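The exercises below ask the reader to work through a protein chain piece by piece, with a worked solution after each task. Please keep the sequence and the structure in view while reading.

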Amino acid sequence: MINRTGTTVAVSQSGSMTRLLFPDWARHFVDNLPADQGKDGEGVLLYVDGHTSRWSYQALEYLYENHVICLCLPSHTSIWSQPNDAGVNRCFKKIFGETCATWRQTHHGYSMSRSDFN
């Protein structure tokens with residue numbers, strides 16, 4: 001489904017990615033690459049986890065045909081094989097953790113609600 005902002009929304013009954021949705025996601029990914037990347041430009045490295053929804057030959061072949069090399073990392077592995085946890089997200093996670101700790105210090109006995117979190 002595409003809403004009026006142009007954002008594509010796809011979700012399974014359970015809210016998880018599935019093998020049926022992954023090819024759609026792959027097309028969306030390729031369609032939104034910068035003009036100088038992908039099939040008519042530079043190759044792209046795409047890191048995904050090893051969730052079974054990524055086991056779609058159709059999606060992986062489509063990515064490959066569009067010069068997107070999909071690297072599947074093993075699920076449930078330590079930090080050394082999860083590059084976002086070790087690098088890109090490390091600073092965010094640190095600041096987020098410190099912010100939550102500060103919040104808890106000023107809200108004794110109060111449980112954080114979903115709206116507080118958001």
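**Exercise 1.** Does Leu60 count as buried, partly exposed or exposed, and at what relative accessibility?

*Solution.* Before starting, bear in mind that this is a predicted model. The place to look is helix α2, where Leu60 lies. Partly exposed is the class that runs between under 20% for buried and over 50% for exposed, and because its relative accessibility is 29%, Leu60 counts as partly exposed. As a next step, set aside the residues up to four places away in sequence, and Leu60 is then found to touch Phe22, Arg54 and Cys70. A distance completes the picture: Leu60 and Leu71 stand 11 residues apart in sequence, while their C-alpha atoms are 9.9 Å apart in space.

**Exercise 2.** Find out which elements make up the protein chain and in what order they run.

*Solution.* Begin with the count, which gives five helices and two strands in the protein chain. Then follow the chain from the N terminus, and the elements come in the order α-β-α-β-α-α-α. For the chain as a whole, 118 residues are present, and buried residues make up 21% of them. The exposed area is about 9200 Å², of which carbon and sulfur atoms supply 56%. Finally, among the contacts with a separation of 6 or more, 53% come from residues 24 or more positions apart.

**Exercise 3.** Describe how helix α1 and helix α2 are placed relative to each other, and name the residues that form their contact.

*Solution.* Two packed helices are described by the angle between their axes and by the distance between those axes. Here helix α1 covers residues 22-31 and helix α2 covers residues 57-65, and their axes come within 8 Å and cross at roughly 15°. That angle makes α1 roughly parallel to α2, since angles under 35 degrees are counted in this way. The handedness comes next, and the crossing of α1 and α2 is right-handed. On the side of α1, the contact is made by Phe22, Pro23, Ala26, Arg27, Phe29, Val30 and Asp31, and on the side of α2 by Gln58, Ala59, Leu60, Tyr62 and Leu63. Sorted by class, these residues of the contact between α1 and α2 are nine nonpolar, one polar and two charged.

**Exercise 4.** Take Ala26 and Leu63, and work out whether each is buried or exposed and which residues each one touches.

*Solution.* Start with Ala26, which has its place in helix α1. Ala26 is buried, as its relative accessible area is 0%. Not counting residues up to four places away in sequence, Ala26 touches Ala59, Tyr62 and Leu63. One of these partners, Tyr62, is 36 residues from Ala26 in sequence, yet the two lie 7.4 Å apart in space from C-alpha to C-alpha.

Now turn to Leu63, which lies in helix α2. At 0% relative accessibility, Leu63 counts as buried. With residues up to four places away left out, Leu63 touches Ala26, Phe29, Val30, Leu46, Val68 and Cys70. As a check on distance, Leu63 and Val44 are 19 residues apart in sequence and 9.4 Å apart in space, C-alpha to C-alpha.

**Exercise 5.** Two loop residues remain, Arg54 and His67: state in which loop each one is found, and into which accessibility class each one falls.

*Solution.* Arg54 is found in the loop that runs between β1 (44-49) and α2. With a relative accessible area of 14%, Arg54 is buried. Its contacts, leaving aside neighbours within four places in sequence, are Met17, Phe22, Val48, Asp49 and Leu60. Arg54 and Thr18 are separated by 36 residues in sequence, and by 7.8 Å in space from C-alpha to C-alpha.

His67, in turn, lies in the loop between α2 and β2 (68-73). Because its relative accessibility is 38%, His67 counts as partly exposed. One further point concerns the backbone, where His67 has a positive phi of about 60° although it is not a glycine.

Technical notes
Residues numbered from 1 in each chain as written. Predicted model: local features only at pLDDT ≥ 70, side-chain atom pairs only at ≥ 80, totals over all residues. Heavy atoms only, no water. Axes fitted to C-alpha atoms, helices over the stretch in contact; angles between N-to-C directions. Helix = DSSP H or I, 4+ residues; strand = E, 2+ residues; numbered from the N terminus. Parallel < 35°, antiparallel > 145°, perpendicular 65-115°, else oblique. Left-handed = near helix turned anticlockwise from the far one by under 90°. Contact = heavy atoms within 4.5 Å. Nonpolar A, V, L, I, M, F, W, Y, C, P; charged D, E, K, R; others polar. Buried < 20%, exposed > 50% of the residue type's maximum accessible area, 1.4 Å probe, protein only. Areas by Shrake-Rupley, 256 points an atom, 1.4 Å probe, with all protein chains shown as cover.
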